Amino acid sequence: WGGLNIIGASPAERGEMAKAQRLVISEVEREIDRLNIEHDEERNRAKAYLYCLEVRCPQTGWMVPLSGSWVISRNKRCVAKLIPDPLKKRFDIEVVTGASASEMEEATLGTARDGDLVYWLDGKEHRTSIKALRGDRRIDGTSVNNLRKWTKSDFVPRADDLYQERLYCVQWVRTVSEEVFFTGVRPADLARERKVEAEVREHLDRWQALGLLPDMDLTPGEKTDEPMRTRGWTHWHHLFTPRNLLINALFKQAIRNNSSSARIASILAFDVNSLADRSARLSRWRVGHSGGPGVAPAGDYPEQVFYNQALNTLVNYACRSFFHLQDLLSNADLKSFPLPSGVSQAVESHAVSALDTTNDIYVTDPPYADAVRYDEISEFFISWQRKSPPKPFSDWTWDSRRDLAVKGSGDDFRREMVRAYSAMTHHLSLIHI
């Protein structure tokens with residue numbers, strides 16, 4: 001549908017799309033500015049927020065931040081340093097720019113190593129298995145643990161949960177010079193975080209009812225089991241920080257407010273998928289590099305969720321601001337191959353076994369046996385689109401059709417693939433050139 005209606009759109013239609021997109025972005029910008037959740041006191045603009053999990057060590061009773069590395073930026077020689085606070089039995093996190101070579105080396109040793117919580121206190125190393133912290137075990141062949149199962153109303157950890165969530169660094173852009181820099185978390189930053197949480201808490205039920213946020217359950221599966229088992233998440237919106245939820249809800253509402261037609265609203269719905277993929281609790285913080293001979297330099301930014309075909313949970317992750325997300329939202333950058341005028345088209349989805357018409361061409365994306373579970377990971381996007389979508393999506397079946405997916409491996413998989421392509425061959429017209 002996207003290929004036909006966006007890539008295949010006429011120049012006039014592409015202009016209409018771009019205009020609608022600019023209106024949506026402007027409305028979200030105005031609301032974020034009104035809430036004052038992305039600017040500091042000097043009007044610098046936040047670019048990204050870095051979070052980590054925090055757990056209580058059973059050996060010492062200290063709360064310890066978890067990260068595989070405390071290197072924030074190699075280009076700016078920026079690291080996070082853990083400073084013990086004996087009175088509170090926790091660590092302050094100091095962000096240092098211009099770190100020395102020894103500080104950079106020390107920061108590569110995170111507190112999450114080889115599946116263990118590892119840290120030093122008073123000259124002594126403490127190490128505990130993260131699986132042991134969760135209480136991982138098997139009962140009657142089923143993997144279980146002690147993590148609390150989040151409820152539909154949850155979007156942040158509760159105070160007595162094993163895993164707490166902690167903002168430890170903010171990436172900023174200076175208003176005048178556009179210089180990028182990092183800071184540790186200041187009281188005003190925490191106040192803005194609480195404001196975001198308050199907005200989501202106040203509107204979560206209504207936004208879910210309106211289809212602005214997901215309310216869909218996580219269904220057990222090979223890939224969907226991981227966030228359920230390792231975090232206790234039970235719904236798709238649990239995979240997103242409060243800031244992700246707020247931005248995406250504002251964006252979806254702005255689409256409804258500024259779309260001149262259902263078709264334009266459907267086109268802009270693709271932007272919601274881009275926002276979700278690029279900013280979630282599954283988004284890694286990518287540390288850039290200065291480049292070298294034949295290698296272009298790379299900046300520091302949050303990675304997309306699907307850098308591979310899985311739902312990988314992380315102990316430290318990053319969230320883009322809306323200011324940073326706008327870079328992803330330019331349809332002007334997409335290729336354009338306008339379809340001839342007068343061409344009619346329809347997009348349908350059904351099982352190959354149900355083919356009952358003859359067609360000239362079939363375009364397929366074959367499955368990869370059990371190597372890639374498209375039927376499961378596609379629900380990440382389905383959860384954002386299924387409730388109250390614009391036409392023509394409102395006529396679609398918003399289900400991943402897990403029961404229809406070609407699964408397995410070896411001979412069983414090959415037989416199913418032969419059956420599928422045979423069905424297409426038997427329903428292929430003879431074209432005489």
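Colleague: What makes a set of residues a nonpolar core, and which members of the largest one touch the most others?

Modeller: The model is predicted, with pLDDT of at least 70 needed for local features and 80 or more for side-chain atom pairs, while totals for chains, interfaces and linings use all residues. Residues are numbered from 1 along each chain as its sequence is written, and side-chain values use heavy atoms, without hydrogens or water. A nonpolar core joins buried Ala, Val, Leu, Ile, Met, Phe, Trp, Tyr and Cys residues through side-chain atoms within 4.5 Å; buried means under 20% relative accessible area, exposed over 50%, and partly exposed in between (1.4 Å probe, protein chains only). The largest core has 57 residues, and those touching the most other members are Leu-239, Phe-240, Leu-246, Phe-251, Leu-311, Phe-322 and Phe-380. Helices, which are DSSP runs of H or I with at least four residues, numbered from the N terminus, include H2 and H5 among the elements giving two or more residues to this core.

Colleague: Why does the length of helix H2 agree with what is expected?

Modeller: The expected span is 1.5 Å times one less than the number of residues; the 25 residues of H2 (residues 11-35) should therefore span 36 Å, and the end C-alpha atoms are 36 Å apart, which agrees.

Colleague: Which residue follows H2, and what is the sign of its phi?

Modeller: Asn-36 follows H2, and its phi is positive, near 55°.

Colleague: Why is Leu-4, in helix H1 (residues 2-7), called partly exposed?

Modeller: Its relative accessibility is 31%, which lies between the limits for buried and exposed, so Leu-4 counts as partly exposed.
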